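Here are my notes for a first look at this one. Have the viewer open and follow along point by point.

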Amino acid sequence: MSRQLKSREKLFDRFSKQLHLLKNEGLIDIDLKYEETYICPLCLNQFQRSDLISEKSKNFLTEEDAPPAKLNGSRIALTCFQCNSKAGHQIDHHLIHKIREIDDSKFHKGTTQKIRMEFEDTYVNSEITSKGNGLLNVLHKIENNNPTTLDRFIYKLKNKSVGDLLDFSPKRKKIDNSKVDKALLKTNYIITFAKFGYIFLLDEYYNTIRDEIKQPDLPTDGHLMINNQFEPNQIGTYYVLNENVKSIFNIFSLKTDYSETLIGALLPFPNMEPKELHNNLTSNGTSIEQGKIGVELDTTTYDTDADLFGDLIEIKKIISWKNAPQHRI
Ligand SMILES: [Zn+2]
């Protein structure tokens, strides 16, 4: 058996066991199709064990990285192939390029990026490598340029007649900021799923969020993301206990070879509309400005020792917190 299949099976077992436990205890109201069922957290379609094998199923189960693998995320859940490839291709790469663009703008030592140098009424394509201490090496490849333009550029460069200051701009990938937001929303949702499984996420309340993730062109509903306010030792899942802003709060890291961006993201609980949560956070003299949150959140760290996939007492604690409007855990 391949290593990947083994790790998919491990995830399947964990989530499937919890799903059937919740069903058997009457804690969720949903008909399960199979003896061992896995529900894709994005489309809510049901899958069975044989769907772990791509040859046996048209829409098989794949490992889902949250955050995206290229930002040092890990495989913490399964989503079906359809959901995974859609979200991966249409959302995640906008987030990856956004973070890389921030990295590029800092010219970290040893990095190479493609740039465009303005020259006369045209431009020269170049590669720029940062040597550290502000030193940049610039390479103009013949195959990437119009040879006549390049000759003229080199000639003028040697004769110091292009001026002291070279104008250049990095070749930018097309980044759609609403898709960056969606990739963050997906990461936040999948991290929550990995921690809590099916305890409350099957609620139809989350259909809006799922639709936003599955349909990349739908507008987002202003979900709450906060950056640059956290330290790496705060990474984790928290319960927000404040009156009227009950929610799950995840702090996660987007890491490259050169930088680490820490994002805090709120996921509302089913008895409150995201807009209401937003209003409650911004009322009482508090405000959200420039991605910063004004309210002092009363949080409790998710107890990593609590077994929310097998321990009924712990599971019921979450459910009663969910059901009691604005009561403390
Ligand atoms: Zn799916």
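1. Let's begin with T261, which sits in strand β12. Is T261 buried, exposed or partly exposed? It counts as partly exposed, because 19 other C-beta atoms lie inside 10 Å, and a residue needs 20 or more to be called buried. Leaving out neighbours within four places in sequence, T261 touches I99, N227 and L254. You can also look across to F230: T261 and F230 are 31 residues apart along the chain, while their C-alpha atoms are 9.1 Å apart in space.

2. Before going further, keep in mind that this is a predicted model. As for the overall make-up, the protein chain has seven helices and 13 strands. It runs to 329 residues, of which 29% count as buried. Among contacts with a separation of 6 or more, 61% are between residues 24 or more positions apart.

3. Now back to β12 and the sheet around it. This is an open sheet of five strands, paired antiparallel, and its order is β9-β12-β11-β10-β13. Which strands stand at the edges? They are β9 (225–227) and β13 (299–301); each has a single partner strand, so one side of each is left without a neighbour in the sheet. From one strand to the next, the twist averages 25°.

4. Walk through some of the pairings, starting at the β9 edge. Strand β9 pairs with β12 (residues 260–268) in the antiparallel sense, over three bridges. To find the register, look for M225, which stands opposite A265 in β12.

5. Further along come β10 (residues 236–240) and β11 (residues 247–255), antiparallel and joined by five bridges. Here T237 stands opposite N250 in β11. The two strands form a hairpin, with six residues between them. In that turn, N244 has a positive phi of about 70°.

6. The other partner to check for β10 is β13. These two run antiparallel and are joined by three bridges. Y238 is a handy marker here, as it stands opposite T301 in β13.

7. Next, the helices. How do α2 (residues 81–105) and α4 (residues 177–196) cross? Their axes come within 8 Å and cross at roughly 105°, so α2 is roughly perpendicular to α4. On the α2 side, the contact uses A87, Q90, I91, D92, H94, L95 and K98. On the α4 side, the residues are K179, V180, K182, A183, L184 and K186. Sorted by class, the contact has six nonpolar, two polar and five charged residues.

8. On to the core. In soluble globular proteins, nonpolar side chains tend to be buried together. In this model, the largest nonpolar core has 55 residues. Inside it, the residues with the most contacts are Y38, L61, L184, Y189, I190, F193 and L266. Helix α4 provides the largest share of this core, with ten residues. L184 deserves a second look, since the name has come up before: it is among the α4 residues that meet α2, and it is also one of the core residues with the most contacts. F193 is worth a click too: apart from its neighbours within four places in sequence, it is in contact with P41, A77 and L201.

9. A few backbone details are worth checking in the loops. The loop between β3 (61–66) and β4 (74–80) holds P67, and the peptide bond from A66 to P67 is cis, with omega near -10°. N72 is found in the loop between β3 and β4 as well. N72 is not a glycine, yet it has a positive phi of about 70°. N72 counts as partly exposed, because it has 14 C-beta neighbours inside 10 Å.

10. Last, E120, in the loop between β5 (112–119) and β6 (122–132). E120 is another non-glycine residue with a positive phi, about 50°. Is E120 buried or exposed? E120 is exposed, because 11 other C-beta atoms lie within 10 Å, and the cut-off for exposed is 12 or fewer.

Note on methods:
Residues numbered from 1 in each chain as written. Predicted model: local features only at pLDDT ≥ 70, side-chain atom pairs only at ≥ 80, totals over all residues. Pairing = 2+ DSSP bridges. Helix = DSSP H or I, 4+ residues; strand = E, 2+ residues; numbered from the N terminus. Axes fitted to C-alpha atoms, helices over the stretch in contact; angles between N-to-C directions. Parallel < 35°, antiparallel > 145°, perpendicular 65-115°, else oblique. Contact = placed C-beta atoms within 7 Å. Nonpolar A, V, L, I, M, F, W, Y, C, P; charged D, E, K, R; others polar. Core = buried A, V, L, I, M, F, W, Y, C linked by C-beta atoms within 7 Å.
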